[in-house]
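Before going into single residues, it helps to walk through the model from the whole chain down to its parts. The paragraphs below follow that order as far as they can, after a short word on terms.

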Amino acid sequence: MRTARLLALGWLFHFKMLTRSAFDGLLGVLYPLFFATVAFFMFRAGHDSRSLLYASLGAAVMGVWSSTSTSAGAAMQRERWHGTLELLVASPTHFSLVLIPATIAQTSIGLYSMAATLFWGRVLFGIGVSIVHPAVFVLSVAATVLSIGTAGFLLAVSFVRYRAAWALGNMLEYPVWLVAGFLVPLSLFPGWVRPISWILAPTWGMNAIRESALGGTPWPDVGMCLLLGAAYTLTGVLMLDRVLRAARRRAALSLT
């Protein structure tokens with residue numbers, strides 16, 4: 001109960017801070033317009049409404065990943081810059097329970113981008129959104145958001161030693177768009193790309209969202225999405241313990 005309350009309050013605190021960021025707010029307005037336009041012009045040559053919906057859903061999830069990759073990569077760095085890293089690490093609560101809500105909050109902001117992308121696709125380009133299994137669709141979106149948030153947690157821990165962590169996170173934004181099949185089907189890529197996509201939770205989350213919207217079977221994809229999210233969390237916690245132990249041994253908790 002205490003852990004759940006801590007995670008909930010941590011998420012709420014970081015979510016409020018992110019919604020008051022002028023920079024993130026501007027991107028929240030521009031990104032959906034950009035993504036909806038990309039989806040429309042890539043698939044406008046076809047006359048199949050399912051193709052446009054396929055592209056529109058992919059563009060919507062692009063907004064969730066874009067909200068996470070750059071910001072989450074530098075989440076731990078920001079605590080250092082603000083001078084709060086030492087205090088948070090020294091608190092009785094494990095630092096992972098402080099960091100995970102921050103990255104999930106960043107992913108939650110992406111939900112607005114997702115909804116806005118679908119909205120602008122409908123208003124500007126007439127891309128209809130017809131969901132065959134609404135309840136499963138909501139569950140698929142929730143699983144995708146959680147798994148992308150845990151991927152952001154893993155990025156934050158992995159990049160903590162790098163001063164330009166935000167740039168490294170930004171570097172992963174476009175490759176994941178492609179490898180996870182947000183807009184371009186994986187069948188069009190070389191065979192060696194497919195195994196890479198299997199270890200990316202957004203791939204399975206994207207499949208689950210499309211399957212639930214188009215009338216397929218999303219449950220295996222939802223299960224894989226949550227399983228990979230749990231694996232990201234476990235790996236991130238183990239890496240975080242190792243990083244903090246090394247920093248304490250060297251008396252360099254600021255991780256410079």
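Helices here are DSSP runs of H or I with at least four residues, and they are numbered from the N terminus. With that in hand, Val 29 can be placed in helix α2. The model to which these names refer is a predicted one.

Taken as a whole, the protein chain has twelve helices and zero strands, so that reading from the N terminus on, the order of its elements is α-α-α-α-α-α-α-α-α-α-α-α. Its radius of gyration is 19 Å, close to the 18 Å that the globule rule gives for 256 residues, and the chain is therefore as compact as a globular protein of that length. Along the principal axes, the C-alpha trace spans about 65 × 40 × 35 Å. Of the 256 residues, 46% are buried, while the chain exposes about 12,700 Å², of which carbon and sulfur atoms supply 70%. Among the contacts between residues at least 6 apart in sequence, 80% join residues that are at least 24 apart.

Part of the surface can be described through helix α2, which covers residues 22–43 and gives three residues, the largest share, to a nonpolar patch. This patch, of about 400 Å², is made by Leu 26, Val 29, Leu 30 and Tyr 112. Val 29 has a relative accessible area of 44%, and because this value falls between the 20% and 50% limits, Val 29 counts as partly exposed.

Helix α6, residues 96–125, is where Ile 104 is found. The helix has 30 residues and reaches 43 Å from its first C-alpha to its last, close to the 44 Å expected at 1.5 Å a residue, and it is followed by Gly 126, whose phi is positive, near 70°. Ile 104 counts as buried because its relative accessibility is 18%, where the limit for a buried residue is under 20%. Leaving aside neighbours within four places in sequence, Ile 104 is in contact with Trp 11, Leu 146 and Gly 149. Leu 30, one of the residues of the nonpolar patch, lies 74 residues from Ile 104 along the chain, and the C-alpha atoms of the two are separated by 21 Å.

In the loop between α5 (85–90) and α6 lies Thr 93, which is buried, with a relative accessible area of 12%. Not counting residues up to four places away in sequence, Thr 93 touches Arg 2, Leu 6 and Leu 88.

Further along the chain comes helix α7, residues 134–158, whose 25 residues should span 36 Å at 1.5 Å a residue; its end C-alpha atoms are 36 Å apart, so the expected and the modelled spans agree. Much of this helix is covered, since 18 of the 25 residues of α7 are buried.

Helix α9, residues 173–179, contains Glu 173. Is this residue, Glu 173, buried or exposed? Glu 173 has a relative accessible area of 2%, and it is therefore buried, the cut-off being under 20%. Apart from its neighbours within four places in sequence, Glu 173 is in contact with Tyr 31, Trp 65, Ser 66, Ser 69 and Thr 70.

Note on methods
Residues are numbered from 1 along each chain as its sequence is written. This is a predicted model: local features need pLDDT of at least 70, side-chain atom pairs count only at pLDDT 80 or more; totals for chains, interfaces and linings use all residues. Side-chain values use heavy atoms; hydrogens and water are left out. Patches are made of residues with over 30% relative accessible area and no salt bridge: like charges are joined within 9 Å, nonpolar side chains (Val, Leu, Ile, Met, Phe, Trp, Tyr) within 5 Å. Accessible areas come from the Shrake-Rupley method with a 1.4 Å probe; for residues, only the protein chains shown count as cover. A salt bridge is a side-chain nitrogen of Lys or Arg within 4 Å of a carboxyl oxygen of Asp or Glu. Helices (H or I, at least four residues) and strands (E, at least two) are DSSP runs, numbered from the N terminus. Buried means under 20% relative accessible area, exposed over 50%, partly exposed in between (1.4 Å probe, protein chains only). The expected span of a helix is 1.5 Å times one less than its number of residues. Contact means heavy atoms within 4.5 Å. The radius of gyration is taken over C-alpha atoms; the globule rule is 2.2 Å times the number of residues to the power 0.38.
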